[in-house]
Amino acid sequence: MPQPIAPPEAVERAEILRRRIEDANYRYHVLDEPDIADADYDRLMRELEALEAQYTDLASDDSPTRRVGARATGGFAEVVHAVPMLSLGNAFEQDGDTDREKYREVADFERRIEQTLDRKAPVFSVEPKLDGLAISLRYEDGVFVQGATRGDGAVGEDVTANLRTVKAIPLRLRGTGWPRVLEVRGEVIMPRAAFEVFNERARAAGEKPLANPRNGAAGSLRQLDPAVTAKRPLAFFAYAVGRVEGGELPDTHSATLAKLRDWGFPVSPEVDTATGFDGLIAYFRRIGEKRNSLPYDIDGVVYKLDDYAGQQEMGFVSRAPRWAIAHKYPAQEQTTKVEAIEIQIGRTGAATPVARLTPVQVGGVTVTNATLHNADQVARLDVRIGDSVIVRRAGDVIPEVARVVMERRPANTVPWKMPSTCPVCGSELLREEGAAAYRCSGGLICAAQRKEALIHFASRRAMDIDGLGDRFVDALVEFDMVHTPADLYALTVESFVRMKALADERDGSIPETVKQGRIATKWAENLVASIEASKRSTLPRFLFALGIMHIGESTAKTLATWLGSLEHVRHTPAPVLRVLPDIGDEVATSIAAFFEQEGNQAVVDKLLAAGVVFADEGAPSPKLRDRLGLDVLLDAAKVPKLGPKSTATLAKHYDSLDALVKAGEHQWIVAGVPQAAATNLATYLADAEHLAALRDADTAMRRLAAALPAKAASALPLEGMTYVITGTMETLKRDDATERLESLGAKVAGSVSKKTTGVFAGEAAGSKLDKAKELGVPVHTEADLVALLTQHGVAP
Ligand code: JCF
C-alpha cells in the first residue's frame with residue numbers, strides 16, 4: 001500500500017541510495033570506469049524504486065529512477081532524438097518453485113497484455129538482449145546521415161564519424177522499398193573474442209585493458225578520433241525503428257526485423273517468435289543454455305509484443321513500454337573478498353598471480369579463484385589482500401578480477417608485490433624484456449613445471465594416457481618417481497602400488513589395500529596398460545605432447561606434415577622452420593631452442609627407446625621443395641639492401657652456400673647483384689657466427705631436400721638473366737659466348753636497357769658501354785665472363 005509520508009529513516013536511505021547510484025552512473029557513463037557490479041547496481045536501483053513506490057512523497061524529479069542513463073558530457077554535438085529511445089523494464093528471477101513464481105514479473109507482464117487486449121497467448125518477437133551501447137542511425141533516401149548514442153533517451157551524442165567506421169553498419173541501404181526517412185535502433189557491441197584479443201595486446205603492451213566488452217563498445221564510440229574507433233573490432237545488431245517518414249513498415253515487429261535484414265542491417269540470428277508465457281520461458285531457457293557459446297555477451301532476452309496495433313494499445317509507463325520487457329539472466333559479475341594472492345606456475349614456467357576469493361556464485365557457478373593475469377594487471381587494478389573486488393565470468397573463460405571496490409578497502413592494506421622467487425622451487429622469477437609475464441627460471445627443476453608438463457603430456461589430445469589424472473601426476477612428482485615424461489614408461493604395477501601407499505601414509509588414511517585384506521592392483525594394471533597403449537602414437541600428438549612453448553596442436557600438425565619425420569623436426573634450425581606456413585620467428589625460435597637443449601633431446605631419445613612409435617611418419621611434403629633454397633636462407637638473414645631479386649639471382653648461380661662464399665663479392669656483382677647489396681652480404685658473411693648459422697641451416701635444407709620424393713627437373717642457373725656482350729673478346733667469339741650463356745638459361749640481348757642484368761665489355765666497346773653506364777647497368781670484363789662460364793661448367 002503506498003503511504004503519503006515517509007519516516008525519516010526512509011528519507012535518509014533514499015538519499016544515500018540516490019547518491020550512490022548517481023555516483024555509479026557518473027563513473028560508468030562519463031568516466032567509463034564502473035566501480036560496482038551490475039547486480040549490485042540493479043539491487044540499489046530496485047531498493048530505491050521500491051522506497052519511492054511505497055512513500056509517494058519521496059518521489060522527485062532528480063531521482064536516478066527518473067532517467068535511464070547519465071547525459072553525455074563534452075566533445076560531441078547533441079542530437080535530439082526525433083522519437084525518444086526507449087528503455088525497457090527488467091524482470092529478474094525471484095524465489096519460488098514454479099516457473100510462474102520464479103518468473104513472476106514475466107508472468108505479470110504477459111497477463112497484463114492478455115487482459116488489456118483480451119487475447120489469449122499473444123505472439124511475441126523475442127531476441128537476446130545484447131550488452132553493448134544503444135545507438136540510433138538515421139537514413140535519408142537510403143543514405144546514412146547521422147548516428148547518435150542513446151544518451152538519456154531524449155538527447156544523445158552525435159557519433160556519426162565513429163559509427164561510419166563500424167563495418168556492420170550499412171552506409172547505404174540495400175534492396176528497395178525503404179521509407180524516405182528511416183531511423184534504425186540497435187546495439188553496438190564488441191564481440192568477446194575481439195575483446196580478449198584487445199586486452200591481451202593491451203596487457204602485453206603494459207596498457208590499460210578494458211573492464212568488459214560493453215565498456216569496449218562504449219569507449220570505442222566515444223573516441224574523439226574516428227581512426228581509433230576504426231581499429232576497434234565492433235559489431236552491430238539492429239532491433240527497432242524510430243522515426244519513419246515517406247514510407248510504411250509492416251504491421252509486426254518480426255516482419256520489420258526481416259525487412260531491416262533485407263535492407264542490409266545485421267539482425268541477431270537468434271531472433272524468433274514465441275507464444276504466451278510458456279513460449280517466453282522456453283526461449284529464455286534455450287538462449288540461457290547457449291549464452292556462454294554466443295560470440296558476444298548478453299545479459300538477458302527481450303520480449304516484445306509482436307503486433308504494432310497491440311503495442312499502441314498497451315502504451316507506456318514513463319519511458320518504458322508496457323508491451324516489452326527485458327528478462328535478465330543472473331549476473332555474471334559479483335562482489336567478493338580477496339583472501340590471498342598466490343602465484344601459479346604454468347607448464348612453461350609462466351607465473352600467474354591468482355586471487356583466492358571468498359566463494360561467491362557468479363552466473364550459477366561457484367567461483368573461488370580468479371586470475372589476475374600478470375603483475376602489471378595487479379598494479380593497475382591495485383588489488384590488495386583484504387580488498388572487496390568485482391569478479392566477472394564471461395563465457396567459458398577463467399573468472400577474472402575486474403576491479404576493486406575502493407570505498408570498501410579496509411585500513412592497513414598494502415600494495416601487492418610480485419615475489420622474486422618461485423613459490424614452488426625457489427628459483428628466481430624473471431621477466432623477459434618487453435614481456436608482461438614473469439617466468440620461473442627453474443625449468444624442469446621446478447616441480448610445478450614438471451607436474452604441468454606431465455599432465456599435458458598425458459592429456460587426451462596429446463599422448464592420451466587414459467586414467468593418469470592430475471592427482472596421480474601430483475603424487476608421482478611429489479614422491480620423486482617421475483622426472484620427465486620418459487620416466488612414465490618405466491613405471492610398473494609395483495611402482496603405482498608403492499605410490500599409493502606413500503600417498504595414503506601422507507594423508508594419514510587407512511590404505512584401501514589393507515582394508516580389503518588383500519592387495520588390489522587392478523587399477524594399477526589398467527594404468528600400466530594405458531601407458532603401454534600410448535606408445536603407439538602419431539607425430540603431431542607427440543610433438544604437441546612435448547609441451548614446447550607456442551606449439552599448439554595446429555603447429556604440431558604443420559611440423560609433422562611438412563617435415564615428415566621426428567628426425568627432421570628435431571634437427572631443423574629456426575631459419576628453416578621459418579619457411580613453413582604459419583610459423584613465424586617467435587615460434588621457429590621456440591622450437592629450435594627446445595631441441596637445442598641436450599636434456600630435451602635426451603628425453604626424446606629415451607621416449608623412442610621406450611618404444612614410442614608414430615604411425616604417420618614419412619617423407620617431407622613435396623610442397624617443401626619450393627620453399628627450400630639458398631635464396632630463402634639469404635632472405636631470412638635480412639642483410640640490408642639484399643632484396644629478393646638479388647637473393648634469387650644468387651640462388652640461381654650457386655647451388656651451395658660454399659659455392660656462394662667461394663665466389664665472393666666481385667662474382668656476385670657479375671652475376672647481377674647490385675654493388676651495395678653484395679658489399680653488405682660480404683660483410684655479413686665475414687662474421688663467423690652468421691656464417692656458422694647459415695651453414696647449419698644450409699645443411700638442414702640439404703638434408704630435407706635429399707629426403708624429398710623424386711626430384712623434378714630443376715631450373716637452369718641463369719634463367720631470368722639478360723646479358724649484353726659488346727666489343728671484341730679475346731678468348732671466345734661473341735656467338736660462342738652467347739650459346740654458352742643461353743645453355744645456362746640466360747638471354748643475350750642486342751641492346752642495353754634498364755632490364756639488362758649486366759654488360760660484358762671487350763676491347764673497343766662503344767655506344768652500348770656508354771648506354772650501360774648511363775642506365776647504371778653493371779659492366780664486367782671478359783675475364784668475368786670466362787669465370788662465370790667456368791663456374792657453371794661451360795668453360796670455353
Ligand atoms: O539488446 C538490447 N540491449 C535491446 C535494448 C534490445 C531491444 O530490442 C530493445 C532495447 C531497448 C529498447 N528494445 C527497446 C525498445
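**Exercises: a ligand shell and two helix pairs**

The shell around the ligand is made up of six nonpolar residues, no polar ones and four charged ones; here Ala, Val, Leu, Ile, Met, Phe, Trp, Tyr, Cys and Pro count as nonpolar, Asp, Glu, Lys and Arg as charged, and the others, Gly among them, as polar. The model is predicted: local features need pLDDT of at least 70, side-chain atom pairs count only at pLDDT 80 or more, and totals for chains, interfaces and linings use all residues. Residues are numbered from 1 along each chain as its sequence is written, and side-chain values use heavy atoms, leaving out hydrogens and water.

**Exercise 1.** Find the residues that surround the ligand, then look at the polar atoms facing the ligand.

*Step 1.* Look for residues with a heavy atom within 4 Å of the ligand. You should find L86, L88, E127, P128, K129, L130, E187, Y239, V302 and K304.

*Step 2.* Now pick out polar contacts, meaning pairs of N or O atoms within 3.5 Å. A side-chain N or O atom of E127 is 3.1 Å from a ligand oxygen atom. From the backbone, an N or O atom of L130 lies 2.8 Å from an oxygen atom of the ligand.

*Step 3.* Which elements give two or more residues to the shell? They are β3 (123-130) and β10 (298-305), strands being DSSP runs of E with at least two residues and helices runs of H or I with at least four, numbered from the N terminus. β3 gives the most, with four residues.

**Exercise 2.** Describe how α13 packs with α14.

*Step 1.* Helices α13 (residues 447-458) and α14 (residues 470-478) pack at about 140°, their axes 10 Å apart. Axes are lines fitted to C-alpha atoms over the stretch in contact, and angles run from 0 to 180 degrees between N-to-C directions.

*Step 2.* That angle makes α13 oblique to α14: under 35 degrees is roughly parallel, over 145 roughly antiparallel, 65 to 115 roughly perpendicular, and the rest oblique.

Key:
A polar contact is a pair of N or O atoms within 3.5 Å; within protein, one must be able to donate a hydrogen and the other to accept it, and residues adjacent in sequence count only if both atoms are side-chain atoms.
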